[in-house]
Amino acid sequence: MIRVLSVASECVPLVKTGGLADVVGALPAALAPEGIEMRVLVPGYRAVLAAAGDAAVVWRGADLFGGPARLLFGQIAGLSLYVLDAPHLFDRDGGPYLDATGRDWSDNATRFAALSWIGALIGAEGAADWRPDVVQCHDWQAGLTPVYLKARGVDLPSVMTVHNIAFHGLMPAEMMGPLALPAWGFTPEGFEYWGQVSALKAGLVHAWKVTTVSPTYARELSTPDYGEGLEGVIAARGGDVIGILNGIDPALWDPATDPHIAPYKQPRGKAKARNALLAEMDLPQGAGPLCVVVSRLSGQKGLDLLLEALPGLLARGGRLALLGSGDPALEQAWQAAAAQHPGVAVTIGYDEALSHRMIAGGDAIVVPSRFEPCGLTQLFGLRYGTVPVVARTGGLADTVIDANPAALVAGVATGVQFAPVTARALATALDRLCDLYADPAGFAKIQRNGMRAAVGWGPSAAAYGALFRGLVTA
Ligand code: ADP
Ligand code: GLC
């Protein structure tokens with residue numbers, strides 16, 4: 001049995017802003033069959049503490065970067081969970097990263113340095129009679145953990161997992177003292193980044209291995225187009241950088257048992273879900289496919305391109321239903337599109353149950369991301385017979401088989417891919433979708449292929465298992 005501590009800023013079902021939470025929440029159960037006992041460390045946001053109930057206090061500190069702190073441990077929401085209860089950092093209204101007005105919390109550097117410091121504490125000393133063999137650090141919020149371990153003189157295997165390299169966790173060099181960061185690390189070969197401290201670079205440089213969430217994104221990361229200024233750091237790690245695809249939680253996303261919909265097993269069982277969605281969204285029936293989008297509204301996701309490509313889809317009798325929130329300009333642009341076109345329905349907000357109804361009811365799910373480390377909604381789509389139309393990048397390239405002539409003849413197509421990521425190429429892809437949809441038997445075959453595609457954790461759990469075993473026996 002190998003013990004792994006997973007350090008993360010969000011975790012399903014307790015706190016979620018994106019796919020990171022899905023993955024952190026799913027990994028412990030996915031890796032158990034590999035002989036891995038994974039515990040998760042998360043910040044004690046209000047929602048997490050509310051769920052923690054009477055978890056045991058396993059550590060107390062009088063001053064963790066500006067206030068008292070406790071570490072709790074318990075079986076919470078089906079997970080073996082450590083919770084960092086530090087009221088000066090986490091007991092507040094608002095999101096995990098943003099205040100109620102949508103601005104980053106001004107003390108984010110301190111908040112997540114504290115999380116990383118506690119990750120290193122558990123790694124070095126153990127807590128609740130348990131000491132990990134490996135620490136897995138998710139994104140910049142956990143990136144300082146390997147540095148704090150080294151500063152303690154502890155040589156514990158660590159893995160930096162990149163879910164999104166766009167966020168670096170930059171902080172001014174003056175924070176080094178208050179955050180107890182070792183002076184030896186502040187070099188261009190260390191965690192210094194153009195005069196600042198980069199928490200992500202700290203993890204990329206100092207972790208024993210680096211993983212990311214798809215093989216294609218692992219390759220993209222060492223190029224200037226995708227590396228966000230850290231491509232050199234990634235390239236320097238060479239073979240230490242490994243891409244392991246995300247899976248989805250088969251218990252939460254199963255069209256045969258999903259409590260949010262009238263369950264179905266066959267593509268043809270979808271008809272009910274589709275009609276229910278059209279009615280709920282007040283969308284007219286049409287000859288073309290009902291497309292859905294469930295997404296953060298940010299530049300990454302390319303939904304501005306979809307706005308441009310919409311007229312062609314609508315002209316062919318297609319419909320579009322979008323659920324999302326984020327960038328106010330994109331929210332407004334999509335609301336305007338809904339007001340202008342009867343075939344477009346837009347829900348601004350975050351709604352777990354509605355996301356299930358949409359993914360179940362759609363004929364197709366559109367993911368036109370400019371970059372996508374893995375992406376989960378196209379995997380949900382596959383599972384539900386909702387054909388993905390995706391940009392050929394990152395995990396989208398690795399999980400969808402394009403319905404090109406060879407794939408159609410071989411009977412293996414599961415969706416539509418397009419490149420480059422432009423409105424024009426997307427419009428062409430939507431046109432191809434409409435062509436495929438016009439042949440009901442052919443379309444049902446693509447749906448069935450997708451429903452049978454391997455979107456669970458199997459091969460990826462084995463890859464993580466091999467990685468962790470290799471580190472422990474190294
Ligand atoms: P990212 O993490 O970059 O946002 P992913 O595709 O990996 O992209 O994961 C997004 C997750 O968040 C999925 O579980 C998706 O269903 C969910 N999600 C995104 N936006 C919404 C929303 N508005 N309402 C409900 N769920 C959403
Ligand atoms: C990030 C990425 C997304 C990935 C998720 C989980 O949020 O943007 O592509 O699926 O992390 O790894």
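1. A polar contact here is a pair of N or O atoms within 3.5 Å; within protein, one must be able to donate a hydrogen and the other to accept it, and residues adjacent in sequence count only if both atoms are side-chain atoms. By that rule, six residue pairs (both at pLDDT 80 or more) make polar contact across the interface of domain 1 and domain 2. Salt bridges (a side-chain nitrogen of Lys or Arg within 4 Å of a carboxyl oxygen of Asp or Glu) come to zero between the two domains.

2. Some housekeeping: this is a predicted model, where local features need pLDDT of at least 70, side-chain atom pairs count only at pLDDT 80 or more, and totals for interfaces use all residues. Residues are numbered from 1 along each chain as its sequence is written, and side-chain values use heavy atoms, with hydrogens and water left out.

3. On the split: domain 1 is 2-247 + 458-473 and domain 2 is 259-452, with bounds from an automatic or database domain assignment. Their C-alpha centres sit 32 Å apart.

4. Now the interface. Contact (heavy atoms within 4.5 Å) links 18 residues of domain 1 with 16 of domain 2. The buried area (accessible area, 1.4 Å probe, lost on putting the two parts together, summed over both) is about 1200 Å², 59% of it on carbon and sulfur atoms. Lys16, Thr216 and Leu245 supply 27% of what domain 1 buries against domain 2, more than any other three residues.

Methods:
Chains lettered and ligands numbered in written order.
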